[in-house]
Structure formats: structure tokens, C-alpha cells
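Here is a set of short exercises, each with a worked solution. Have the sequence and the model open in your viewer, and try each task before reading on.

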Amino acid sequence: RGGAATVADLAGRHVVVSAGGTREPLDPVRYLGNRSSGKQGYALARVAAARGARVTLIEANTGLPDPAGVDVVRVGTAVQLREAVLKAAADADAVVMAAAVADFRPAEYAGGKIKKKEGQDPAPLSLVRNPDILAEISADRANPGQVVVGFAAETDDVLANGREKLRRKGCDLLVVNEVGERKTFGSEQNEAVVLAADGGETPVPYGPKEALAEIVWDLVAPRL
Ligand code: CTP
Ligand code: CA
């Protein structure tokens, strides 16, 4: 691809994209969060809409303006994200999990602000596992032809970890980013490799998040 003309190859399709990062509240003023900006998910949503899809964008804590022509659902936590994704995925042709989902949440939510006590060490923080949304939708597809895409940011052994994660999650495609100094978090650019369950491996050169989004939809479209 890369021409000026946009192909409406996703016309008549409903696609679901999650974006941003979940926040897991500790008390009314604090949360456990992550550094996902949501920009890659928004690029995926914009590009899918431009290619003719009906798009449901489920966003967690991005603060980004709604893209034109996209249905936006706002969530905060991983549990809320799961609910929204499962609901939207029920009639979706493709689901792309670009959101950074907190693996753990505080075991307890303090209804009032946690206060420090004079001369006392803080109580250790207990965490519990969050549901694995990508693994769940991959295992329980709403329809047999549904295409499921995951994202993974890795710092070491990027390809080997990516392959193993693709198998573990059971999705069709996994976009693997190497996390580094200028890459990925909050930046406008991205570099990745897209691994396919059928063995395919598509390198994506360093470039705008739109370009990666185009390649993801190029790989999804023929699998629909
Ligand atoms: N994901 C998800 N639910 C979770 C955790 C992750 O749906 N509870 C999705 C993310 O949206 C992403 C993919 O799974 O598309 C990979 O996320 P990642 O954090 O790399 O995978 P984990 O299995 O959590 O592995 P790790 O221990 O490396 O964090
Ligand atoms: Ca994780």
C-alpha cells in the first residue's frame, strides 16, 4: 500500500480497537497505571474508519479527542475494559487489543484516602491478577471467522518472546514492539514486527503509527 488512494477494503466490517492504558485504583486519589499514550490505538481506529469500517474504539485514560466517524467507549480499569470489549466484540469481524492492560490490580480498594501514620512503615501492597482479555476473546471467538490481534512491548529477546506470547494468547496476529529510548511510549513513531499464527513475519520499519496501522489492516483484511 502507500498510495494516495484509500481502499475501502474494510467496508461493511465492524472492527473493535482498544487503546490507552488501564488504571487500577488504590483509593479515591491514587491508581496503578502505565505509560501507554493510546496513539497507536487511535491511529488504528482512524485508518480502519478511512478504509470503510464501522469502528468501535474502546479507550482507557488517553485524554485524546474522539476521532471523526468512530464510536468511542470510555473505560478506566481492566475489568471495565473487558466488559466493553466483550460487548463490542459480539458482532465484530476483527478485534485489535492495542491497549496496555494492567496485569494486576490492588486486592482491595480503600474507600477513603490512604493516610500515612507517624513512625510506621507502609503496609505492603497486595495485588490480584486481572483477566486476560486477549486470551479470552481469542479462545471464545464471537464468530469463527473473527480475526484477533494483540500487541506486545518487549525489551529483550523480542522475536522469541513474541512467538511464545502469540502462541500463549491464541490470537491470529501479534504486533511486537521493541521498547527503547525514543520508541513506543508517547512517541509519534513506531517500529515493530507483526507475527502471524500461520508463521508469517512482517517487519515494519521505523515510521509513523499510521503506517503501522495500515500494515496491521493490510494483514487483517485478507484474513476476514
Ligand atoms: N492483554 C489483555 N489482558 C491482560 C493483559 C494483556 O488483553 N490482562 C493484551 C494486551 O492488550 C496486548 C497483549 O495482551 O494486546 C499482550 O500484552 P502483554 O502485557 O505484552 O502480555 P502479558 O501476557 O501480560 O505478558 P507480560 O507478562 O510480558 O506482561
Ligand atoms: Ca502485561
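**Exercise 1. Find what covers the buried residues of helix 4.**

Solution. Step 1: the cover includes helix 3 (133-139), strand 9 (147-154), strand 10 (173-178) and strand 11 (189-196). Helices here are DSSP runs of H or I with at least four residues, strands are runs of E with at least two, and both are numbered from the N terminus. Covering rests on contacts, where two C-beta atoms, placed from the backbone, lie within 7 Å.

Before you go on, note that this is a predicted model: local features need pLDDT of at least 70, side-chain atom pairs count only at pLDDT 80 or more, and totals for chains, interfaces and linings use all residues. Residues are numbered from 1 along each chain as its sequence is written, while chains are lettered from A and ligands numbered from 1 in the order in which they are written.

Step 2: the buried residues themselves include Gly 162, Leu 166 and Lys 169. They cover an arc of only 80° around the axis, which puts them on the same side of helix 4; the arc is taken from the directions from the helix axis to the C-beta atoms. A buried residue has 20 or more other C-beta atoms within 10 Å of its own, an exposed one 12 or fewer, and a partly exposed one falls in between, with C-beta atoms placed from the backbone. As background, an α-helix has 3.6 residues a turn, so residues three or four places apart point the same way.

Step 3: turn to the face away from the buried side, and you meet the exposed residues Ala 160, Glu 164 and Arg 167.

**Exercise 2. Check the span of helix 4, then look at what comes before and after.**

Solution. Step 1: helix 4 covers residues 158-169, and its twelve residues should span 16 Å at 1.5 Å a residue. The expected span is 1.5 Å times one less than the number of residues. The end C-alpha atoms are 16 Å apart, which agrees.

Step 2: ahead of the helix, Asp 157 sits in the loop between strand 9 and helix 4. Its phi is positive, near 40°, in a residue other than glycine. Asp 157 counts as exposed because it has 10 C-beta neighbours inside 10 Å.

Step 3: after the helix comes Gly 170, with a positive phi near 80°.

**Exercise 3. Which strands pair with strand 4, and in which sense?**

Solution. Step 1: strand 1 (residues 14-20) runs parallel to strand 4 and is joined to it by seven bridges. Pairing calls for at least two bridges found by DSSP between the strands. One bridge puts Ala 19 with Glu 59 of strand 4.

Step 2: strand 5 (residues 71-75) is also parallel to strand 4, with five bridges. Here Ala 60 stands opposite Val 75 of strand 5.

Step 3: strand 4 (residues 54-60) has six of its seven residues buried.

Step 4: in the loop between strand 4 and strand 5 lies Asn 61, a residue other than glycine with a positive phi near 60°. Most residues other than glycine have a negative phi. Asn 61 counts as buried, since 22 C-beta neighbours lie inside 10 Å.

**Exercise 4. Which residues touch the most other members of the largest nonpolar core?**

Solution. Step 1: the core has 58 residues, and Val 17, Ala 48, Val 149 and Val 216 touch the most other members. Such a core is a set of buried Ala, Val, Leu, Ile, Met, Phe, Trp, Tyr and Cys residues joined through C-beta atoms within 7 Å.

Step 2: helix 1 (residues 39-50) gives the largest share of this core, eight residues.

Step 3: leaving aside neighbours within four places in sequence, the contacts of Val 17 include Gly 41, Leu 44, Ala 45 and Ala 48.

**Exercise 5. Which residues are closest to ligand 1?**

Solution. Step 1: the closest of the 14 surrounding residues are Met 97, Val 101, Ile 133, Leu 134 and Gly 150. A residue is near the ligand if its C-beta atom, placed from the backbone, lies within 6 Å of it.

Step 2: sort the shell by element. Helix 3 and strand 9 each supply at least two residues, and strand 9 gives the most, with three.
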